[in-house]
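Trainee: Could you take me through one part of this model in detail, and then follow the links that lead from it to the rest of the chain? I would like a careful reading, with the reasoning given where there is any.

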Amino acid sequence: MRFGSAARAGCKLDLSRLQAAGIRVADALAEGADLVVINRFGKRERDGKGLGFVIERALGADIPIVIAVSRANFADWIKFAGGMSVKLACDRHALDAWWHNVSLRAAARTAPDHTTVREAFK
């Protein structure tokens, strides 16, 4: 694949768009969520930037998060998450088993007083 003469190698993250998207997600968490999926925990999140505030809001609301964390960043993730973490194998079976366990515990607590995302898409 060939790119035009103005193309540069690699990609450049548009931080303002990432921040704006993160704000919309963080605001939506106030409405309730069953699960938050975030692409990865990296240097920006470790340093309190990027989507770190979304992760903090989900953790504070006791909303489970699925997030990829590299081996190099795993110790930083454990510190960031305050030890509230479960390490899963990177395969569908492990994710399904984890979600089954988490969703059963959540259902046992109390029924929500609003329609959850999961209920809306059933």
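Mentor: What follows starts at the main pocket and its surroundings and then turns to the charged pairs and a few single residues.

The model is a predicted one, and local features are read only where pLDDT is at least 70. The largest pocket has a volume of about 980 Å³, and 27 residues line it, with Ile65, Ser85, Val86, Leu88 and Trp98 lying nearest its centre. Two or more lining residues come from each of strand 2 (65–69), helix 4 and helix 5, and among the contributors helix 5 gives the most, with six residues.

Two of the residues nearest the centre of this pocket, Val86 and Leu88, also belong to a nonpolar patch on the surface, where they are joined by Leu95 and where the accessible area together comes to about 230 Å². Leu88 is found in the loop that runs between helix 4 (74–80) and helix 5 (92–109). Its relative accessible area is 34%, so Leu88 is classed as partly exposed, and because a patch takes residues with over 30% relative accessible area, that value is enough for Leu88 to be included.

Helix 5 deserves a longer look, since it gives the most residues to the pocket lining. Within this helix, Asp96 forms a salt bridge with Arg92, and the closest N and O atoms of the pair are 2.9 Å apart. The two residues are four apart in helix 5, and therefore about one helical turn separates Asp96 from Arg92. Side chains of opposite charge can pair when their charged atoms come close. The partners fall into separate accessibility classes: Asp96, with a relative accessible area of 38%, is partly exposed, whereas Arg92, at 62%, counts as exposed. Elsewhere, Arg46, Asp47 and Asp76 are joined into one network by salt bridges that share partners.

Ser103 is also found in helix 5, and its relative accessibility of 13% lies under the 20% limit, so Ser103 counts as buried. The side chain of Ser103 reaches the backbone oxygen of His100 at 3.2 Å.

Turning to the charged pairs as a group, a search of the whole structure finds four salt bridges. One of them belongs to the network just named, for the side chains of Arg46 and Asp47 meet at 3.0 Å, N to O. Both of these partners are partly exposed, Arg46 at 36% relative accessibility and Asp47 with a relative accessible area of 45%.

Another salt bridge is formed by Arg57 with Asp27, and here the closest N and O atoms are 3.9 Å apart. This pair links distant parts of the chain, as Arg57 is in helix 3 (residues 52–60) and Asp27 is in helix 1, 30 residues apart. A salt bridge requires the nitrogen to lie within 4 Å of the carboxyl oxygen, so the distance of 3.9 Å satisfies the cut-off. Arg57 is partly exposed, with a relative accessible area of 41%, and Asp27, at 46% relative accessibility, counts as partly exposed too.

Helix 1 (residues 15–29) also holds Ser16, which is exposed, with a relative accessible area of 54%. The side chain of Ser16 is joined to that of Asp14 by a polar contact of 2.8 Å. Ser16 also lies 9.6 Å from Gly50 in space, C-alpha to C-alpha, while the two are 34 residues apart in sequence.

A comparable reading of sequence against space can be made for Asn39, whose place is in strand 1 (residues 36–41). Asn39 and Ala68 are 29 residues apart in sequence, and their C-alpha atoms are 6.1 Å apart in space. At 66% relative accessibility, Asn39 counts as exposed.

One backbone detail completes the account. Asp62 lies in the loop between helix 3 and strand 2, and although Asp62 is not a glycine, it has a positive phi of about 60 degrees. Strand 2, on one side of that loop, is one of the elements that give two or more residues to the lining of the largest pocket, which brings the reading back to the part where it began.

Methods. Residues are numbered from 1 along each chain as its sequence is written. This is a predicted model: local features need pLDDT of at least 70, side-chain atom pairs count only at pLDDT 80 or more; totals for chains, interfaces and linings use all residues. Side-chain values use heavy atoms; hydrogens and water are left out. Patches are made of residues with over 30% relative accessible area and no salt bridge: like charges are joined within 9 Å, nonpolar side chains (Val, Leu, Ile, Met, Phe, Trp, Tyr) within 5 Å. Accessible areas come from the Shrake-Rupley method with a 1.4 Å probe; for residues, only the protein chains shown count as cover. Buried means under 20% relative accessible area, exposed over 50%, partly exposed in between (1.4 Å probe, protein chains only). A polar contact is a pair of N or O atoms within 3.5 Å; within protein, one must be able to donate a hydrogen and the other to accept it, and residues adjacent in sequence count only if both atoms are side-chain atoms. On a 1 Å grid over the protein atoms alone, a cavity is a set of points where a 1.4 Å probe fits but cannot get out, and a pocket is an open set with protein on both sides within 12 Å along at least five of seven lines; lining residues have an atom within 4 Å of a point. Grid points are joined across faces, edges and corners, and a volume is the space filled by probe spheres set on the points.
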